[in-house]
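Here are some exercises to work through with the model open beside you. Try each task before you read its solution.

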Amino acid sequence: MSLTATCSRSVMFIRRNTFYLRRTGLPFSTNVSPADKARAGSHKRWTRRQRKSAWTDGLSWEERLADAVTPLWRLSYEEQLELKQNNQQKILSELSGSLSADLRSDFTAPATAKPNFPVLSVLPSPVRDGYRNKSTFSVNRGVDGNPKTVGLYVGTGRQGNIVCVNADHLLNMPEKHKLVARCYQDFIRLSSLDPCLLFHTGGHWREITVRTNAQGHTMAIVYFHPQKLTAEEVAVHKEELVEYFTRGPGSACQLDSLFFQESTMTRCTHEESPYQLLHGQPHIYEEVLGFKFRISADAFFQVNQAAAQVLYNTVRDLCVPVTEEGASQSKTRGTLLDVCCGTGAIGIIASPRVDRVIGIELVEQAVRDATHNAALNNVENCEFLPGKAEVVLPALMTQLSFGAGVLTAVVNPSRAGLHPRVVRALRKQAAIHRLVYVSCKPDGEAMRNFRELCCAPDQEKKLAGQAFSPTLAVPVDMFPHTPHCELLLLFER
């Protein structure tokens, strides 16, 4: 079934839902009747069906992409939250069982056990559709074989069955992102240059990233492989790109920033290959809990701004709870150590409650953004240190051993989790009595971190210091229509 034929039908009925497919990109309905819910059966049956449905005959390409990117789109939001709650309970039960086994000399504890600490209900996202403020669209062969198709992938490179499908129907994607993707597709189809599908086969036009804020300001970053083009030849195509998005059909996108990055690598930093500002402003800004944050082309920021407010407010309360004294609130003294601080959001938001904030971040541009954000918000008690946490933190801990007062840590690592040296340094610092771990994938490498924070001292692993204990878990739904959510885990000792 061709993409054109699929999209030409204004209404398509599929199992359990009405799917609206219009060229305007109107999303499909997720209204589920009671009768449909009864037919759907349990979440287990839904999950089994979901695993094998991606290539089932009869599914449109749009459905296949929705199943891959937003696999919970067929469920009501209440059902999604229930599924996520059960997943988090399972993960935390595994952690409890593991810690119980570690504490027993005979290792006869069950592999899983109910969490022996409170697990709050998943905090819902205030916005459920079109919530993404950052989307990256790939370029590859579409359903009709056109190699200049802009969208997201169905299939895998390993199996050799990748198809690039337009993302107009995805529920988590805002309309502005879809519009920019459609315009970019139109532009590269007009261009004389080929797309770069594989680096070694040539071609130039690669993916595009779209970033927006709550005010609707839009930044686009176009990635380009120069191959053997001269700088003068590349300049011609940059001018064509600017012309298209500022005075041509792409002007409908009303871009506030247009960046261009030439790279011969799949991913590279601003330092490795600078982001070239072709048009507009170098940054857009986002506001969270009354604080304003600058967003650079490659800066990390939570993908769901509305849910980020829920997340950061909860993190702040876990790190530095406010004590009520009559009608006033007293400030918690001490230092907040923000490991993997990104652009400084957590530390800056928590800064009014502590004496000092020290952030550590690997990406140098993010450190510059964090420093700028602190100044932008007139926050004077924050400092941000560039470098690998496993290198910076041990030396910093030695300094903090003298006169830091109350020391609280918050860690927000990538899916790879914390480096073992970071875990060792946190355990070894006796002044840390409270640690908040923010994890987007708690059943991955983070689980190893949890165990090492909580296990008995281990000379072989160089784990010294008193063990932490998990005392509270708070899941936050940052990603409606997907199985994922952010988990906040409070450790104390």
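A residue counts as buried under 20% relative accessible area, as exposed over 50% and as partly exposed in between (1.4 Å probe, protein chains only). Helices (H or I, at least four residues) and strands (E, at least two) are DSSP runs, numbered from the N terminus. The model is predicted, so local features need pLDDT of at least 70 and side-chain atom pairs pLDDT 80 or more, while totals for chains, interfaces and linings use all residues. Residue numbers start from 1 along each chain as its sequence is written, and side-chain values use heavy atoms, leaving out hydrogens and water.

**Exercise 1. Find which residues of strand β7 are buried on each of its faces.**

Step 1: Take one side of β7, where T218, A220, V222 and F224 are buried.
Step 2: Turn to the other side, where M219, I221 and Y223 are buried as well.
Step 3: Put the faces together. Seven of the seven residues of β7 (residues 218-224) are buried, so the strand is largely enclosed by the rest of the structure.

**Exercise 2. Work out how β7 pairs with strands β6 and β8.**

Step 1: Recall that two strands pair if DSSP finds at least two bridges between them.
Step 2: Look at β6 (residues 205-212), which runs antiparallel to β7 and is joined to it by six bridges. In this pairing, R211 has M219 of β7 as its bridge partner.
Step 3: Inspect the hairpin of β6 and β7. Five residues lie between the strands, and G216 takes a positive phi near 90 degrees.
Step 4: Move on to β8 (residues 257-262), which pairs with β7 in the parallel sense over six bridges. Here Y223 has Q261 in β8 as its bridge partner.
Step 5: Add helix α7 (residues 231-246), which completes a right-handed β-α-β unit with β7 and β8. Right-handed means that, with the strands pointing away from the viewer, the path from the first strand over the helix to the second runs clockwise.

**Exercise 3. Trace the salt bridges of D369 and R353, and say where the partners sit.**

Step 1: Fix the criterion: a side-chain nitrogen of Lys or Arg within 4 Å of a carboxyl oxygen of Asp or Glu. The structure holds 14 salt bridges.
Step 2: D369 pairs with R294, and their closest N and O atoms are 2.8 Å apart. D369 lies in helix α10 (residues 364-376) and R294 in strand β11 (residues 291-295), so the pair ties together parts that are 75 residues apart in sequence.
Step 3: Check accessibility. D369 is buried at 0%, and R294 also counts as buried, at 12%.
Step 4: R353 pairs with D317, with the closest N and O atoms 2.9 Å apart. R353 is in the loop between α9 (345-350) and β15 (356-361), and D317 is in helix α8 (residues 305-319), 36 residues apart.
Step 5: R353 is buried at 17%, whereas D317 is partly exposed at 34%.

**Exercise 4. Decide which side of helix α11 is buried and what it packs against.**

Step 1: List the buried residues: A389, E390, V392, L393, L396, M397 and L400. They cover an arc of only 155 degrees around the axis (taken from the directions from the helix axis to the C-beta atoms), which puts them on the same side of α11.
Step 2: Look at the face turned away from that side, which carries the exposed residues V391 and Q399.
Step 3: Find the partners by contact (heavy atoms within 4.5 Å). The buried residues of α11 pack against β14, β15, β16 (382-386), β17, α12 and β18.
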